[in-house]
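This briefing concerns the charged side-chain pairs of one protein model and the helices that carry them. Please consult the sequence and the structure shown here while reading.

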Amino acid sequence: MNPEQQREIASEGGRAAHASGHAHEFTSEEARAAGRKGGEARSHNTQSRSSNSSSTDRDIQGDASEGQRGGRGRTGH
């Protein structure tokens, strides 16, 4: 399935959830808290990686290529 088809199916699901009243709409405060939490996690991950002297460029490149292959949660469908 191409990305455009996936996007359209997801969009239909989102519209259906909103129409039925089951979708969660974030308040600005909830969105702010989620962004802060993500930023803290990102900051912590970067700090621990830079302080780990056993990490090599190849290890970091391997982590990046995992995302390009699909990484966690990929089912191959």
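How many salt bridges does the count come to? The count comes to 4 salt bridges in this predicted model. The points below take up the pairs by helix, followed by the ends of helix H1.

**Glu-4 and Arg-7 in helix H1**

- A salt bridge joins the side chains of Glu-4 and Arg-7, with an N to O distance of 3.4 Å.
- Both residues belong to helix H1, which covers residues 3-20, and their spacing of 3 residues corresponds to about one helical turn.
- Residues three or four places apart in an α-helix point the same way, because the helix has 3.6 residues a turn.
- Glu-4 has a relative accessible area of 48% and is therefore partly exposed, whereas Arg-7, at 52%, is classed as exposed; the boundary between these two classes is 50%.

**Arg-15 and Glu-8**

- The side chains of Arg-15 and Glu-8 form a salt bridge with an N to O distance of 3.2 Å.
- Arg-15 is partly exposed, its relative accessible area being 48%.
- Glu-8 is likewise partly exposed, with a relative accessible area of 36%.

**Arg-32, Glu-29 and their network**

- In the salt bridge between Arg-32 and Glu-29, the N to O distance is 2.6 Å.
- Helix H2, spanning residues 28-51, contains both Arg-32 and Glu-29, which are 3 residues apart, or about one turn of the helix.
- Through salt bridges that share partners, Glu-29, Arg-32 and Arg-36 are joined into one network.
- Arg-32 is partly exposed at a relative accessible area of 44%, and Glu-29 is partly exposed at 45%.
- Pairing of this kind is possible because side chains of opposite charge can pair when their charged atoms come close.

**Span and ends of helix H1**

- Helix H1 comprises 18 residues, and the distance from its first C-alpha to its last is 26 Å, close to the 26 Å expected at 1.5 Å a residue.
- At the N-terminal end of H1, Asn-2 acts as a cap, placing a side-chain oxygen 2.9 Å from the backbone nitrogen of Glu-4.
- Glu-4 thus appears twice in this account: its backbone nitrogen faces the cap from Asn-2, and its side chain meets that of Arg-7 in a salt bridge.
- Gly-21 follows H1 and has a positive phi, near 85°.

Conventions. Residues numbered from 1 in each chain as written. Predicted model: local features only at pLDDT ≥ 70, side-chain atom pairs only at ≥ 80, totals over all residues. Heavy atoms only, no water. Helix = DSSP H or I, 4+ residues; strand = E, 2+ residues; numbered from the N terminus. Buried < 20%, exposed > 50% of the residue type's maximum accessible area, 1.4 Å probe, protein only. Expected span 1.5 Å × (residues − 1). Polar contact = N/O pair within 3.5 Å; in protein donor to acceptor, adjacent residues only side chain to side chain.
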